[in-house]
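Hello,

Here is the structure we talked about handing over. Please have a look at it first, and then read on for what turned up.

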Amino acid sequence: MSQKPDAPAVHHALQLAGDCGSCFGLCCVALPFAASTGSAGFAADKPAGEPCGNLGADFGCGIHARLRQRGYAGCAVYDCFGAGQKVSHHTFGGTDWRQAPDTARRMFHVFPVVRQLHELLRHLAEMLDRPAAAPLHAELRRALTGTEKLTSGTPDDLAAVDVPAVREEVNPLLLRASRLVRDAEAPGPKKEHRGADLVGARLRGARLRGASLRGALLVAADLRGADLRYADVIGADLRDTDLRGADLTGALFLTQPQLTAARGDSATVVPRPLTRPAHW
């Protein structure tokens with residue numbers, strides 16, 4: 001006899017991946033580019049609210065197929081987690097900022113708010129798909145429903161959202177869920193590197209199964225052949241991290257932007273539903 005699910009998996013109906021064809025090019029306008037930092041992956045400086053010179057009349061990117069070659073690796077890495085189409089067609093009803101210039105300022109302001117909320121939704125939805133987190137599924141579902149309700153508000157509602165306060169409320173729940181999953185999948189002592197500065201660290205072959213790498217700075221770190229199974233990598237900076245041959249099976253809260261920002265190869269084990277970046 002099959003087991004009856006405790007509740008409908010409504011989170012699967014959420015659109016938490018960017019669909020550039022259904023967006024008004026918001027990331028290409030609302031966000032600033034900073035070539036002067038030398039590490040952000042942009043070939044030119046651009047202030048927030050000003051369209052990128054590569055943005056077409058149809059809101060498509062004129063160099064999308066050549067972003068890395070043209071110096072825009074930052075754009076190749078970026079994912080709005082579905083915020084672009086949500087703001088374009090739900091929050092503003094399909095009226096774009098060129099048609100209605102008076103909406104531009106508000107549209108560009110609420111886009112990053114929705115993007116951050118959608119990232120939280122993604123993390124909550126992931127824990128709802130983790131059987132080991134079942135004792136917290138009811139709390140996770142309530143948090144997901146409440147956060148999704150925030151994203152469905154009016155432009156004025158969204159402008160008033162205190163994102164840091166929402167994160168402060170949700171993060172302890174995600175941490176508890178992470179502990180449940182990691183204890184189940186990687187029993188025993190686990191490495192604690194939360195918030196650690198591991199820039200350029202030599203961690204080749206490191207045994208980090210079930211480790212906490214939450215918020216760790218792993219820029220250009222050598223993690224070749226490392227065991228990262230079921231490691232918690234929420235917020236970890238993986239820019240230029242060498243993941244060749246690393247095993248990321250079951251890695252918690254790993255996002256496509258994090259993976260795309262890193263370096264890997266055909267031997268890197270990439271967890272579903274993420275995909276191996278084309279430039280590896």
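**Helix α6 and its surroundings**

In α6, the buried residues (under 20% relative accessible area with a 1.4 Å probe, protein chains only; exposed is over 50%, and partly exposed lies in between) are Val163, Val166, Val170, Leu173, Leu174, Ala177, Ser178, Val181 and Arg182. This is a predicted model, in which local features need pLDDT of at least 70 and side-chain atom pairs count only at pLDDT 80 or more, while totals for chains, interfaces and linings use all residues. Residues are numbered from 1 along each chain as its sequence is written, and side-chain values use heavy atoms, without hydrogens or water.

Helices here are DSSP runs of H or I with at least four residues, numbered from the N terminus. Helix α6 covers residues 163–185, and its 23 residues reach 31 Å from the first C-alpha to the last, close to the 33 Å expected at 1.5 Å a residue (the expected span is 1.5 Å times one less than the number of residues). Shortly before the proline Pro172, α6 has a kink of about 30 degrees at Val170; the bend is the angle between axes fitted to the seven residues ending at a residue and the seven starting there. The cover over the buried residues of α6 includes α3 and α4 (137–151), where contact means heavy atoms within 4.5 Å.

**Helices α3 and α2**

Helix α3 (residues 104–128) has its end C-alpha atoms 36 Å apart, which agrees with the 36 Å that its 25 residues should span. Because 20 of these 25 residues are buried, α3 is largely enclosed by the rest of the structure.

Helix α2 (residues 83–91) is largely enclosed too, since 7 of its 9 residues are buried. They are Ala83, Gly84, Gln85, Lys86, Val87, Ser88 and Thr91, and they pack against α3, α4 and α5 (155–159). Just after α2, Gly93 takes a positive phi of about 60 degrees.

**An open pocket**

A pocket is an open set of points on a 1 Å grid over the protein atoms alone, with protein on both sides within 12 Å along at least five of seven lines; lining residues have an atom within 4 Å of a point. The second largest pocket holds about 570 Å³ of space. Among its 21 lining residues, Arg122, Glu126, Arg272, Pro273 and Leu274 are the closest to its centre. With 3 residues, α3 gives the most to this lining.

Enjoy exploring!

Notes: Helix = DSSP H or I, 4+ residues; strand = E, 2+ residues; numbered from the N terminus. 1 Å grid on protein atoms, 1.4 Å probe; cavity = no way out; pocket = protein on both sides within 12 Å on 5 of 7 lines; lining within 4 Å. Points joined across faces, edges and corners; volume = space filled by probe spheres on them.
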